[in-house]
Amino acid sequence: MNKTLEWLSPYYDNIVVSRQKVIDYVAVADSKIHKVLRMLYLYVTFDCNQQCKYCWLHNNVTARHQMMSVEMIEKLLAEAIPLGLERIKITGGEPFTNTSLNDLANTVLAKGIGLDIETNGTLITQKWINDIISRDKLFLKISLDAASSDIHDNLAHANVFKKTVDSAKLLSANTIKFGMVTVLNRLNVHHFEDIIDFVSQLGASTHRIILSIQPLGRGKNIGELKLNLDETIDVIKRFFRLRKYHDKIELGTLHSTIPPAFIPLDRLNFNACDWGIGLCGVMPDGSITMCSPAFESMDLVAGNIYENSLTEIWLNSDMFSESHIHPELDGVCGKCLFSGSCRGMCRVFARATYGSNKAPYPFCQEMFEAGFFPEWALK
Ligand code: SF4
Ligand code: SF4
């Protein structure tokens, strides 16, 4: 017996109609999946001034203090732009601990490439903002896990809440666009609605809610802080109630890592991860990875730009072969109508949980086993 979920209640009445909506949606979404290197994730350092309890990096000694250089970014841009590059995400570690971050950012912006910077927001200064050559294509994503210092600082393992909030205000005053990212866990989930209000008041233009903590790095030892399935279901219920009733939240600015099978069918408009076909990660030593830092799984490394060109790695390595356009996935992902466009959500999370590249996405698999997976989303 399929168990029902509050936010999907209208769609249980006529499974045939609901399934047809999914089929129509995926026919369009699947046809848009192509291999083009649209995005690079640049890990410009693995140093960080915080030690967030859930971080998927661990304190890898050999990787510490390596800083990506302007010369490396110039080399990457020269190859990636002809391959279709549209946007770069600078991440880490904490990117602002790379003292060349202004030069790195300006090198990207000077080429007209869009730039996201993922940061904990504690090291942004007016001087840094003044030295940026162009603001139009710049977007900062700041981590904020609470609306008060006690919870945020506890999770960050540092007294940083005020600095993070002040940075958001500084960006706002300088009309630099930014969004905020919140990782839910048992310390902050009870204040979920307060965090959303707070982020909205700070002037963020997007707010991304991460529902799951990956069992990688420090996230492996998160223990009792991780939400269980019932708690995750409860928070999704609250999320969709907010989206429906909360007048401060514009639709589209609040989004979360809910897989498409659990999104109400009249709001289906998700962007799947482009793992394997639209992005790759670059470590400070020039290693090209599927997407994420590859300390724990060296088989996520496809090559190194100082041994083979990025073009050769992108076009010829197994990691980025065309077979990933429509991957064969195990478990519920293999049975799901969304699999062509969703592609099993996050492969790194699936691998870390079940140990296989073909593994299903953990949340969907758990929901399937618990009887909550919507019947209309099954083939
Ligand atoms: S079951 Fe897999 S393919 Fe389907 S929505 Fe979930 S993650 Fe995506
Ligand atoms: S596979 Fe997972 S970790 Fe990699 S880019 Fe996609 S969502 Fe991020």
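This report describes the sheet, several helices, some backbone features and the surroundings of two ligands in a predicted model.

**The sheet**

The model contains an open sheet of 10 strands, in which the pairing is mixed and the order is β7-β6-β5-β4-β3-β2-β1-β8-β9-β10. Its edge strands, each of which pairs on one side only, are β7 (254-256) and β10 (301-304). From one strand to the next, the twist averages 20°. As general background, the strands of a sheet pair through backbone hydrogen bonds, and this pairing may be parallel or antiparallel.

Within this sheet, strand β1 (residues 39-43) runs parallel to strand β8 (residues 279-282) and is joined to β8 by four bridges; the bridge partner of Met39 in β8 is Leu279. Further along the order, β4 and β5 also pair in the parallel sense, over four bridges, and here Ser143 stands opposite Val181 in β5. Strand β5 is joined in turn to strand β6 (residues 206-210) by five bridges, again with the two strands running parallel, and Thr182 stands opposite Ile209 in β6.

**Helices α6, α7 and α13**

Helix α6 (residues 161-173) lies across β4 (138-143) and β5 (178-183), and α6 runs at about 160° to β4. The loop between α6 and β5 holds Thr175, a residue considered again below with the other backbone features.

In helix α7, which spans residues 192-202, the residues Ile195, Ile196, Phe198, Val199 and Leu202 are buried. Seen down the axis of α7, these buried residues fall within an arc of 165°, and they therefore line one face of the helix. This fits the general rule that an α-helix has 3.6 residues a turn, so that residues three or four places apart point the same way. Just after α7, the backbone at Gly203 takes a positive phi of about 95°.

Helix α13 (residues 362-369) is mostly covered, with six of its eight residues buried. The buried residues in α13 are Pro362, Phe363, Cys364, Gln365, Met367 and Phe368. Just after α13 comes Gly371, with a positive phi of about 85°.

**The surroundings of Leu109**

Leu109 has its place in helix α3 (residues 101-109). Leu109 has 19 other C-beta atoms within 10 Å, and because a residue counts as buried only from 20, Leu109 is classed as partly exposed. Leaving aside residues up to four places away in sequence, Leu109 touches Leu115, Ile133, Ser134, Lys137 and Leu138. Of these contacts, the one with Lys137 spans 28 residues in sequence, while the C-alpha to C-alpha distance between Leu109 and Lys137 is 7.2 Å.

**Backbone features**

The peptide bond from Gly92 to Gly93 is cis, with omega near 20°, and Gly93 lies in the loop between β2 (87-91) and α3. Two residues that are not glycines have a positive phi, namely Thr175, at about 50°, and Arg343, at about 60°. Arg343 is found in the loop between α11 and α12 (347-354). As to surroundings, Thr175 counts as exposed because it has 8 C-beta neighbours inside 10 Å, whereas Arg343 has 24 C-beta neighbours inside 10 Å and so counts as buried.

The positive phi values given in this report are gathered here.

| Residue | Phi |
|---|---|
| Thr175 | about 50° |
| Gly203 | about 95° |
| Arg343 | about 60° |
| Gly371 | about 85° |

**The two ligands**

Around ligand 1 there are 14 residues, of which Cys333, Cys336, Cys342, Tyr361 and Cys364 come nearest. Helices α10 (331-335) and α11 (339-342) each supply at least two residues of this shell. Cys364, one of the residues that come nearest to ligand 1, is also among the buried residues of α13. By class, the shell around ligand 1 is made up of 12 nonpolar and two polar residues, with no charged residues.

Ligand 2 is surrounded by Cys273, Trp275, Cys291, Ser292, Cys346, Arg347, Val348 and Phe349. By class, the shell around ligand 2 has six nonpolar residues, one polar residue and one charged residue; under the classes used, the charged residue is Arg347 and the polar residue is Ser292.

Definitions and conventions. Residues numbered from 1 in each chain as written. Chains lettered and ligands numbered in written order. Predicted model: local features only at pLDDT ≥ 70, side-chain atom pairs only at ≥ 80, totals over all residues. Near = placed C-beta within 6 Å. Buried ≥ 20, exposed ≤ 12 C-beta atoms within 10 Å, placed from the backbone. Arc of directions from axis to C-beta. Pairing = 2+ DSSP bridges. Axes fitted to C-alpha atoms, helices over the stretch in contact; angles between N-to-C directions. Contact = placed C-beta atoms within 7 Å.
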